[in-house]
Amino acid sequence: QVQVVESGGGLVQPGGSLRLSCAASGNIRSILAMGWYRQAPGKQRELVAAITSGGSTNYADSVKGRFTISRDNAKNTVLLQMNSLRPEDTALYYCNADLYLYGLGPAGVYWGQGTQVTVSS
């Protein structure tokens, strides 16, 4: 049973910081890439940041310079440090992981349930 679980969301004032964490567990041999997406009410889900197993990163233009993604391959976790938060960052943040499983091989992308981030004064 594979699980992807996010944590760390909450309410923060504009200009504040939050750190989101995501852990993948189960019959995982390796994780090819991990990423964070977000979806605000009435909007489509969008990529926030992604990181490969080799450490290459990709960011949405709207978060460059404010958000930092990092991962711990040994622990199958990915972090998203979010600084200088703005009200427009308010959304449900989802983590995903592109997995390679023991006995199955490439298994595709698994998603977490999401964690709410609200930026408001």
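In this predicted model, Arg45 lies over the face of Trp111, at 4.7 Å from the ring centre. Arg45 also sits over the face of a second ring, that of Tyr94, and here the distance to the ring centre is 3.7 Å. Both rings belong to one aromatic cluster, which is made up of Tyr37, Tyr94 and Trp111.

How is that cluster put together? The structure holds two aromatic pairs. Tyr37 and Trp111 make an edge-to-face pair, because their planes are at 65 degrees, with the ring centres 5.1 Å apart. Tyr37 comes from strand S4 and Trp111 from strand S10 (residues 105-111), so this pair ties together parts that are 74 residues apart in sequence. The other pair, Tyr94 with Trp111, is edge-to-face as well, at 6.4 Å centre to centre and with 80 degrees between the planes. Here the link runs from strand S9, where Tyr94 lies, to Trp111 in strand S10, so the parts tied together are 17 residues apart in sequence. Trp111 thus turns up in the pair with Tyr37 and in the pair with Tyr94.

As for solvent, Tyr94 is buried, with a relative accessible area of 12%. Tyr37 is partly exposed at 23%, and Trp111 is partly exposed too, at 34%.

Moving on to the nonpolar interior, the largest nonpolar core has 32 residues, and those with the most contacts inside it are Trp36, Leu80, Met82 and Tyr93. Seven strands are listed as giving two or more residues to this core, among them S3 (18-25), S4 (28-39), S5 (46-52) and S11 (115-119). S7 (67-72), S8 (77-82) and S9 (91-101) are also on that list. The largest share, six residues, comes from S9.

Two of the well-connected core residues are worth a closer look. Setting aside residues up to four places away in sequence, Tyr93 touches Glu6, Leu20, Trp36, Tyr37, Arg38, Val48, Phe67, Leu80, Met82, Gly114, Thr115 and Val117. That list includes Tyr37, which is also a member of the aromatic cluster. It also includes Trp36, Leu80 and Met82, the residues named with Tyr93 as having the most contacts inside the core.

Leu80 is found in strand S8 and counts as buried, at 0% relative accessibility. Beyond its neighbours within four places in sequence, Leu80 is in contact with Leu18, Arg19, Leu20, Trp36, Val48, Ala49, Phe67, Thr68, Ile69 and Tyr93. One of these, Phe67, is 13 residues away from Leu80 in sequence, with a C-alpha to C-alpha distance of 6.7 Å. Leu20, Trp36, Val48 and Phe67 are among the residues touched by Leu80, and Tyr93 touches these four as well.

Strand S8 also has its place in an open sheet of four strands, which has the order S1-S3-S8-S7 and antiparallel pairing. S1 (3-7) and S7 stand at the edges with a single partner strand each, so one side of each is left without a neighbour in the sheet. On average, neighbouring strands of this sheet are turned by 15 degrees against each other, direction ignored.

Within the sheet, S8 pairs with S3 in the antiparallel sense over six bridges, and six bridges likewise join S8 to S7, again antiparallel. Val78 is a handy landmark: Val78 is the bridge partner of Cys22, and Arg71 stands opposite Val78 too. Further along, Phe67 stands opposite Met82 in S8.

The ends of S8 bring in some backbone detail. S7 and S8 form a hairpin with four residues between them. Asn76, in the loop between S7 and S8, has a positive phi of about 55 degrees although it is not a glycine. Asn76 is buried, with a relative accessible area of 19%, and the cut-off for that class is under 20%. A second non-glycine residue with positive phi is Ser84, whose phi is near 50 degrees. Ser84 has its place in the loop between S8 and S9 and is partly exposed, with a relative accessible area of 41%.

How values were computed:
Residues are numbered from 1 along each chain as its sequence is written. This is a predicted model: local features need pLDDT of at least 70, side-chain atom pairs count only at pLDDT 80 or more; totals for chains, interfaces and linings use all residues. Side-chain values use heavy atoms; hydrogens and water are left out. A nonpolar core is a set of buried Ala, Val, Leu, Ile, Met, Phe, Trp, Tyr and Cys residues joined through side-chain atoms within 4.5 Å. Buried means under 20% relative accessible area, exposed over 50%, partly exposed in between (1.4 Å probe, protein chains only). Contact means heavy atoms within 4.5 Å. Rings of Phe, Tyr and Trp (its six-membered ring) pair if their centres lie within 6.5 Å; planes under 30 degrees apart count as stacked, over 60 as edge-to-face and the rest as tilted. A charge sits over a ring if NZ of Lys or CZ of Arg is within 6 Å of the ring centre and within 35 degrees of the ring normal. Two strands pair if DSSP finds at least two bridges between them. Axes are lines fitted to C-alpha atoms, for helices over the stretch in contact, and angles run from 0 to 180 degrees between N-to-C directions.
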